[in-house]
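Open the model in your viewer and keep the selection box handy. We will go stop by stop, choosing residues and looking at what surrounds them.

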Amino acid sequence: MGIEPGDSVLSAPLLEAVGLCKRFPLRRSALDWARGRTAPLLRAVDGVSLTVHRGETLGIVGESGCGKSTLARCLVRLHEPDAGAIRLDGQDVLTLTGPAMRAYNRRVQMVFQDPYGSLNPRLRIGDALAEALIVHRVVERSAVPGRVQALLDLVHLPQDAGGRYPHEFSGGQRQRVGIARALAVEPAVIIADEPVSALDVSVQAQIVNLLLELQDRLGLALLFITHDLRLVRHIAHRTAVMYLGKIVEIGPTEALFATPRHPYTRALIEAVPQIAPGARHREAAVRGELPSATAPPPGCPFHPRCPIAEPLCGVVSPALVPRDIGEARIWPTACHLAGMPAG
Ligand SMILES: Nc1ncnc2c1ncn2[C@@H]1O[C@H](COP(=O)(O)OP(=O)(O)OP(=O)(O)O)[C@@H](O)[C@H]1O
Ligand code: SF4
Ligand SMILES: [Mg+2]
């Protein structure tokens, strides 16, 4: 068995989430008002625990609406979690304020699907990068122009890119700018939320390769959120599968794809013809509708869609724990029947 980045025996986690929860109150209906009921809560992230290690890529996959972006936004504190803990290098993050909080924000940076939305259209790219360097006091002012040029070089943008405005760049180039801006403050962790899904297929590989190259050069921890299972298989050391706000399986990518233990993971993999050549229909693999996150099913949240559900599944919620099914590697899976054939 090879040693991989992210094997917990190798190092202490760099970034850690423990039992993270984020619930959004929904608008009350007229009936709720009339009856004096409180607003229903949508459980976007429901008790997520994970670790990311230095130099590791952790992929996060799952259907639309399962809570991937909300989790990412909690980790960078764009959302305040309702419960749970976040630790960076063992230090509690949720109690940080002021300069300590800003220091955290420097160390954990986010790359968004559409960097255009977060770029000031009236600011040249060079000025936007310089602003980040100055605000966060990354280097002396005299060193700022040189550092801006170095950042543009790092993400392989042309020499004159610094003098251009965001609208003058293509989608792929804008994502390079987004990555440069994240790197400007010298982070230890990059959280990339669907960083290539808005790009042309031909450009996607370039941006993914850039992220991997930078991770390798700078020793970054990378949390990579995507719908694309082929991509995650290609780049992630470990993969976490989310369903209705929870992680249902998290393990070493190659082993998890070769022998998925959770029926939901199996269904997702079977939905990708390139991964399971025998699979016929992408849509057919995960049968049924995603239940509402305001009223998740009792017991195992996947039980209404699960092909092997048993009566127990509708009553008892399976914990995400390592399940030894007699094979060489074990990893946490939230399924009473982990590893049982699909029937
Ligand atoms: N600010 C918000 N207010 C209320 N509900 C929200 C908010 N943000 C997200 N949600 C809800 O939380 C759930 C999780 O959303 P989230 O965007 O995290 O999912 P996702 O896995 O990132 O989906 P996608 O793959 O489509 O990006 C969804 O039901 C969504 O509608
Ligand atoms: S616990 Fe039961 S319903 Fe849930 S995934 Fe496992 S077998 Fe299916
Ligand atoms: Mg999202």
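Select strand E6 (108–111), helix H4 (125–135) and helix H6 first: each of them supplies at least two residues of the lining of the second largest pocket. Bear in mind, as you look around, that this is a predicted model. The pocket has a volume of about 480 Å³. To find its middle, show Gln109, Met110, Phe112, Arg181 and Ala182, which are the closest to its centre among the 22 residues that line it. If you colour the lining by class, you should get 14 nonpolar, six polar and two charged residues.

**Along helix H6 to a closed space**

Keep helix H6 (171–184) on screen and add helix H7 (201–218) and strand E8 (221–225); these elements each give two or more residues to the lining of the second largest cavity. About 40 Å³ of space lies inside that cavity. Which residues should you pick to see its walls? Take Ile179, Leu183, Ile190, Leu211, Leu214, Leu220, Ala221 and Leu222. By class, this lining has eight nonpolar residues, with no polar and no charged ones.

**Two backbone stops**

Now select histidine 156, in the loop between helix H5 (144–154) and helix H6. Histidine 156 is not a glycine, yet its phi is positive, at about 60°. Then jump to glutamate 194, which you will find in the loop between strand E7 (189–193) and helix H7. Glutamate 194 also has a positive phi, about 50°, without being a glycine. Is each of these residues buried, partly exposed or exposed? Histidine 156 has a relative accessible area of 44%, so it is partly exposed. Glutamate 194 has a relative accessibility of 6%, and therefore counts as buried.

**Charges over rings**

Next, bring up arginine 164 together with phenylalanine 169. Arginine 164 lies over the face of this ring, 4.7 Å from the ring centre. For another view of this kind, select arginine 261 and tryptophan 331: the charged end of arginine 261 sits over the tryptophan ring, at 3.8 Å from its centre.

**Aromatic neighbours**

How many aromatic pairs does a search of the whole structure find? The search gives three. To see one of them, select tyrosine 243 and phenylalanine 302, whose rings meet edge-to-face, with 5.1 Å centre to centre and 85° between the planes. This pair links distant parts of the chain, 59 residues apart: tyrosine 243 belongs to strand E9 (residues 238–243), while phenylalanine 302 is in the loop between helix H10 (263–270) and strand E11 (321–322). Turn on a surface and you will find that both tyrosine 243 and phenylalanine 302 are buried. Add Tyr264 to the selection, and you have one aromatic cluster made of Tyr243, Tyr264 and Phe302.

**Last stop: the largest cavity**

Leave Phe302 highlighted, since Phe302 is also one of the residues that line the largest cavity. Show the rest of this lining as well: His262, Pro263, Cys300, Cys306, Ile308, Cys313, Cys335, His336 and Leu337. The space they enclose comes to about 70 Å³. Colour by class once more, and the lining of this cavity divides into eight nonpolar and two polar residues, with no charged ones. If you would like to keep exploring, the structure has three cavities of 30 Å³ or more.

Notes: Residues are numbered from 1 along each chain as its sequence is written. Chains are lettered from A and ligands numbered from 1 in the order in which they are written. This is a predicted model: local features need pLDDT of at least 70, side-chain atom pairs count only at pLDDT 80 or more; totals for chains, interfaces and linings use all residues. Side-chain values use heavy atoms; hydrogens and water are left out. On a 1 Å grid over the protein atoms alone, a cavity is a set of points where a 1.4 Å probe fits but cannot get out, and a pocket is an open set with protein on both sides within 12 Å along at least five of seven lines; lining residues have an atom within 4 Å of a point. Grid points are joined across faces, edges and corners, and a volume is the space filled by probe spheres set on the points. Ala, Val, Leu, Ile, Met, Phe, Trp, Tyr, Cys and Pro count as nonpolar, Asp, Glu, Lys and Arg as charged, and the others, Gly among them, as polar. Helices (H or I, at least four residues) and strands (E, at least two) are DSSP runs, numbered from the N terminus. Rings of Phe, Tyr and Trp (its six-membered ring) pair if their centres lie within 6.5 Å; planes under 30 degrees apart count as stacked, over 60 as edge-to-face and the rest as tilted. Buried means under 20% relative accessible area, exposed over 50%, partly exposed in between (1.4 Å probe, protein chains only). A charge sits over a ring if NZ of Lys or CZ of Arg is within 6 Å of the ring centre and within 35 degrees of the ring normal.
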